[in-house]
Amino acid sequence: MPRGSTAQAAAGQTPADSYADWAGALAPLTGVPARALAAFAVAQDDLVSEDPDCGLSWPTLAGIGYVESANGGAGGGLLASGSPLTPIVGVALSGRGAVAAVPDSDNGAYDGDSTLDRAIGPLQFLPSTWTVWRADGDRDGVKNPQDIDDASLAAARYLCASGDLTTPSGWNAAVLSYNHSSEYLVAVETATNTFAQRSRSAPPD
């Protein structure tokens, strides 16, 4: 993956634009949409600078994104801007069945539901979590949970807050902090490993 590209973006470009060629070449091999790959790469690059001991890599973000929203596919795919074709909003968290009970925390500002919370965006943040971790990954002055750039940087920081992702136990703890479910952990691990393995068949930069 190219390094330092976020600092080298030309005037009028977003950080993700600097990864467009890399992401475009890797997308057919991995099955991860190029627009999502670019956002994940920027988030990884940012965390190398912000928290070099974390060890976050883009396949982890791709694994979480795949489980949460098919990396934006749940919203009809990602536009060039980084937003899904239609906003991604999860089910009402009513406490019924396997769904947790989460009362409204944002008066419907993010999820359109003033009674119960719903997860939002391609990385499926709860409104209350987004309020704490929201980020501006594309440097446009807006922190939007539906934007893959913003959501990726927020997710990266959230995961790195758990500690060192370079060890199996640290990685597991970080993913479980995102969703406290053993089934979720297995699903993310499987997707992450799949994307990492597929990317190794890519030609060198």
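What is the handedness of the link of Cys 54 and Cys 160? In this predicted model, the angle about the S-S bond is -80 degrees, and the link is left-handed. The structure holds 1 disulfide, and in it the sulfur atoms of Cys 54 and Cys 160 lie 1.9 Å apart. The bond joins distant parts of the chain: Cys 54 belongs to the loop between H3 and H4, whereas Cys 160 belongs to helix H6, 106 residues away. Both ends are enclosed, since the relative accessible area of Cys 54 is 1% and that of Cys 160 is 6%, and a residue counts as buried under 20%.

From the loop that carries Cys 54, the description passes to helix H4, which spans residues 58-69. Its 12 residues should cover 16 Å at 1.5 Å a residue, and the C-alpha atoms at its ends are indeed 16 Å apart, so expectation and model agree. Because 9 of these 12 residues are buried, H4 is largely enclosed by the rest of the structure. The buried set runs from Trp 58 through Pro 59, Thr 60, Leu 61, Ala 62, Gly 63 and Ile 64 to Gly 65, and is completed by Ser 69. The cover over these residues includes H2, H3, H6, H7 and H8. After the helix comes Ala 70, with a positive phi near 55 degrees.

One of the helices covering H4 is H6, and Ser 152 is located in H6. With a relative accessibility of 0%, Ser 152 counts as buried. Its side chain reaches the backbone oxygen of Ile 148 at 2.6 Å. Beyond its neighbours within four places in sequence, Ser 152 contacts Ala 39, Phe 40, Ala 43, Leu 61 and Leu 123. Of these, Leu 61 is among the buried residues of H4.

The largest nonpolar core comprises 47 residues, and the members touching the most others are Phe 40, Leu 56, Leu 123, Phe 125 and Tyr 178. At least two residues of this core come from each of helices H2 (20-30), H3 (34-50), H4 (58-69), H6 (148-160), H7 (168-178) and H8 (182-199).

Aromatic side chains provide a further view of the interior. There are 7 aromatic pairs in the structure. In one of them, the rings of Trp 22 and Trp 58 have centres 5.8 Å apart and planes at 80 degrees, so the arrangement is edge-to-face. This pair, too, connects distant parts of the chain, with Trp 22 in helix H2 and Trp 58 in helix H4, 36 residues apart. Both tryptophans are buried.

A second edge-to-face pair is that of Phe 125 and Trp 130, which is so classed because the planes stand at 65 degrees, with the ring centres 5.4 Å apart. Phe 125 is buried at a relative accessible area of 2%, and Trp 130 is buried at 0%. These two residues belong to one aromatic cluster together with Trp 133, Tyr 158 and Tyr 178.

Phe 125 thus appears both among the residues that touch the most other core members and in the aromatic cluster. Setting aside residues up to four places away in sequence, Phe 125 touches Arg 118, Ala 119, Ile 120, Trp 130, Ala 151, Ala 154, Ala 155 and Tyr 178. Of these contacts, Trp 130 and Tyr 178 are also members of the cluster.

Terms used: Residues are numbered from 1 along each chain as its sequence is written. This is a predicted model: local features need pLDDT of at least 70, side-chain atom pairs count only at pLDDT 80 or more; totals for chains, interfaces and linings use all residues. Side-chain values use heavy atoms; hydrogens and water are left out. A nonpolar core is a set of buried Ala, Val, Leu, Ile, Met, Phe, Trp, Tyr and Cys residues joined through side-chain atoms within 4.5 Å. Buried means under 20% relative accessible area, exposed over 50%, partly exposed in between (1.4 Å probe, protein chains only). Helices (H or I, at least four residues) and strands (E, at least two) are DSSP runs, numbered from the N terminus. Contact means heavy atoms within 4.5 Å. Rings of Phe, Tyr and Trp (its six-membered ring) pair if their centres lie within 6.5 Å; planes under 30 degrees apart count as stacked, over 60 as edge-to-face and the rest as tilted. A disulfide is a pair of cysteine sulfur atoms within 2.5 Å. A polar contact is a pair of N or O atoms within 3.5 Å; within protein, one must be able to donate a hydrogen and the other to accept it, and residues adjacent in sequence count only if both atoms are side-chain atoms. The expected span of a helix is 1.5 Å times one less than its number of residues.
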